[in-house]
Amino acid sequence: MSWKLTDRLAEKINHYSSFPATGVSLRQMVQFGQRPNPGTLFRGAQFLGEELPIRLAHRVKELNNLPDGLSEMPSIQKVRNWYAQSFEELIELPRPKIPPQLRELLIKAQRRDTNGEHYGQKLLENTENPSLAGEDYREITPQKKKSINSRRYFVLVDDDISWSPEIHEYNKLFTKCLSVIKKRHDPVVTTVAQGISEYKHSRQRMQIDSTIQSFLDRFYMSRIGIRMLIGQHIAINEQPSTDNYVGVICTKTNVRELAQEAIDNARFICQDYYGLYTSPQVQLVCKPDLNFMYVPGHLSHMLFETLKNSLRAVVELHGPDADNFPPVKLIVAEGNEDITIKISDEGGGIPRSAIPLVWTYMYTTVETMPSLDPDFNKSDFKAPMAGFGYGLPLSRLYARYFGGDLKLISMEGYGTDVYLHLNRLSSTSEPLP
Ligand SMILES: Nc1ncnc2c1ncn2[C@@H]1O[C@H](COP(=O)(O)OP(=O)(O)OP(=O)(O)O)[C@@H](O)[C@H]1O
Ligand SMILES: [Mg+2]
C-alpha cells in the first residue's frame with residue numbers, strides 16, 4: 001500500500017475529466033468482436049486506452065467531492081486510490097512503435113471505414129505522440145479536442161495484413177494491464193458500501209439522502225460500463241468468438257435456460273438459509289427457443305436477485321414451517337421492442353410508503369446485516385439470501401445499462417410483481433453519467 005496520488009497525477013486526472021465519455025452500444029461491441037484480427041484489436045485497445053482513463057478520471061473527481069464528509073471516509077479514499085492508480089497504469093503504458101507501412105494501412109482502414117464520420121488520421125498520430133499525455137496536453141485546441149472526442153470503438157481493418165510483432169506485443173500488454181485493473185476493482189461495491197457504513201456511523205445518519213443515492217447510482221452505473229468494456233476486451237483477446245459468443249455477449253441468450261438456472265440457484269439458497277425441506281415452487285412460463293442478444297451474466301444476476309426477494313417474502317409471510325407455499329411465477333413475454341419478464345409472488349407485498357425505499361442502497365428489512373468484509377474477493381454480493389439492500393437498486397442499473405428497466409408494483413397484503421424489461425434492439429448506447 002505504498003502507492004500515492006501525486007500532484008502531477010492529480011493534474012492529469014483533472015485534465016482527462018474535462019472530456020466527456022463516449023458511449024458504446026451492445027451492437028457495436030458485437031460488431032467489433034465478431035472477427036477481430038490483431039489490427040482491430042489494436043484499434044480497440046487504442047480506443048480504450050483513451051476512453052477508460054476518461055471514465056476513471058470522472059470517478060476520481062467525483063469521489064473527491066462528495067457531500068457531507070463522505071469523501072474523507074477511509075474506504076472511500078481507498079476506492080478513490082484504486083481508480084487513480086488504474087488511471088495511472090493506463091496512461092503510463094508504453095505506446096507501441098508501429099512500422100510505417102502498417103501505420104499507412106491502419107490509417108487507410110480508418111479512412112475507408114464507412115458507417116461513421118471521417119476524421120482522418122489524427123487518432124493514429126495520437127498513438128505515437130499522445131496528445132493527452134506529457135506536458136503538451138494543455139495545448140489541445142478545441143478542434144483537436146473534437147477529433148479526439150469522436151474516437152470510435154469499432155474500426156474495420158483488413159484481414160490480409162501481416163501484423164508486426166509490435167502490434168501483437170502491444171495487444172498482449174494492454175490486455176494484461178486490463179486484467180490487473182479488473183482484479184483490483186473487484187471489491188469496489190463492497191468497499192463503497194463499507195464507506196457508506198463508516199459515514200453513517202461517524203455522522204449518525206440513519207438513511208442516506210438523495211444526493212448520495214444519486215451518486216451511488218451514477219457510480220455503480222459507470223462501474224458496470226467500465227467493467228463491460230474491460231471484460232469484453234479481455235475476452236475477445238483471449239478466446240476467439242465461438243458459436244454464439246462474442247466476448248461476454250451471447251448473441252442467442254436463451255431466456256428459458258437462464259431463468260431455470262436462476263430459479264434452481266435461488267431456491268437452493270432459500271432452502272439452505274431457512275432450513276426448509278423444500279423451497280417454494282417457481283412456475284416458469286417461457287417459450288423454449290426464446291433467445292436474444294444479451295450478456296448472460298447480467299441477466300442471471302437480475303433474475304437471481306429478484307427471485308431471492310420473492311422467495312424470501314413468501315417464506316417469511318407463511319413462516320418456514322408452513323406446509324406449503326403459494327408458488328412464485330416467472331413469466332417471459334416476447335415483444336418486438338422488449339423481452340419482458342414478470343416475477344410475481346404472494347409474499348404479502350410492500351407498504352406503499354416503503355416503495356421508494358426499496359430502490360435506495362442499503363435499505364433492507366433484514367435485521368442483522370450479514371458480515372461485510374471489505375477485503376473479500378468477490379465482485380458482487382452473492383450467496384447470502386438477503387441483507388445488504390443492494391439487490392434491487394443494482395439490478396435496476398444492470399437493466400438500464402442496455403436500455404431496459406426494472407419496475408416493481410406491489411399490493412400490500414397480497415404480493416409483489418416485478419417487471420424486468422430488456423431492450424432487444426440493443427442499439428441504444430450506454431447511459432453515461
Ligand atoms: N418481492 C418482494 N416482496 C416483499 N418485499 C420485498 C420484495 N422484494 C424486495 N422487498 C423489500 O425490499 C427490500 C430491499 O430489497 P433488496 O433486494 O434491494 O435488498 P435485500 O433483499 O434486503 O438485500 P440484498 O442486497 O441481499 O438483496 C427488502 O429488504 C424487502 O424488504
Ligand atoms: Mg434482495
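Which residues in helix 10 meet which residues in helix 14? In this predicted model, the helix 10 side of the meeting is made up of Asp-217, Tyr-220, Met-221, Ile-224 and Gly-225, and the helix 14 side of Leu-394, Leu-397, Tyr-398 and Tyr-401. Sorted by class, the residues of this contact are 7 nonpolar, 1 polar and 1 charged.

A pair of packed helices can be described by the angle between their axes together with the distance between those axes. For helix 10, which spans residues 210–238, and helix 14, the axes come within 10 Å and cross at roughly 55 degrees. That angle makes helix 10 oblique to helix 14. The crossing in which helix 10 passes helix 14 is right-handed.

Helix 14 also meets helix 12. Here the axes come within 9 Å, and the crossing angle is roughly 150 degrees. Angles over 145 degrees count as roughly antiparallel, and helix 12 and helix 14 are therefore roughly antiparallel to each other. Helix 12 passes helix 14 in a left-handed crossing. On the helix 12 side the contact is made by His-298, His-301, Met-302, Glu-305, Thr-306, Lys-308 and Asn-309, while helix 14 brings Gly-391, Ser-395, Tyr-398 and Ala-399. These residues divide into 3 nonpolar, 6 polar and 2 charged. Tyr-398 of helix 14 thus appears in the contact with helix 10 and in the contact with helix 12.

The pair formed by helix 12 and helix 14 leads on to the ligand. Helix 12 (296–318) and helix 14 (391–401) each supply at least two residues of the shell around ligand 1. The largest share, 4 residues, comes from helix 12. Of the 22 residues around the ligand, those that come nearest are Asn-309, Ala-313, Thr-364, Thr-365 and Gly-391. Two of these names are already familiar, as Asn-309 and Gly-391 take part in the contact of helix 12 with helix 14. By class, the shell holds 11 nonpolar, 9 polar and 2 charged residues.

A last stop is Asp-345, which sits in strand 6 (residues 338–345). Is Asp-345 buried or exposed? A residue counts as buried if 20 or more other C-beta atoms lie within 10 Å of its own; Asp-345 has 29 and is therefore buried. Beyond its neighbours within four places in sequence, Asp-345 is in contact with Ser-310, Ala-313, Val-314, Val-328, Gly-415 and Thr-416. One of these, Ala-313, is also among the residues that come nearest to ligand 1. Pro-327 is 18 residues from Asp-345 along the chain, with 7.0 Å between their C-alpha atoms.

Conventions
Residues are numbered from 1 along each chain as its sequence is written. Chains are lettered from A and ligands numbered from 1 in the order in which they are written. This is a predicted model: local features need pLDDT of at least 70, side-chain atom pairs count only at pLDDT 80 or more; totals for chains, interfaces and linings use all residues. A residue is near a molecule or strand if its C-beta atom, placed from the backbone, lies within 6 Å of it. Ala, Val, Leu, Ile, Met, Phe, Trp, Tyr, Cys and Pro count as nonpolar, Asp, Glu, Lys and Arg as charged, and the others, Gly among them, as polar. A residue is buried if 20 or more other C-beta atoms lie within 10 Å of its own, exposed if 12 or fewer, and partly exposed in between; C-beta atoms are placed from the backbone. Two residues are in contact if their C-beta atoms, placed from the backbone, lie within 7 Å. Axes are lines fitted to C-alpha atoms, for helices over the stretch in contact, and angles run from 0 to 180 degrees between N-to-C directions. Angles under 35 degrees count as roughly parallel, over 145 as roughly antiparallel, 65 to 115 as roughly perpendicular and the rest as oblique. A crossing is left-handed if the near helix is turned anticlockwise from the far one by less than a right angle, and right-handed if clockwise.
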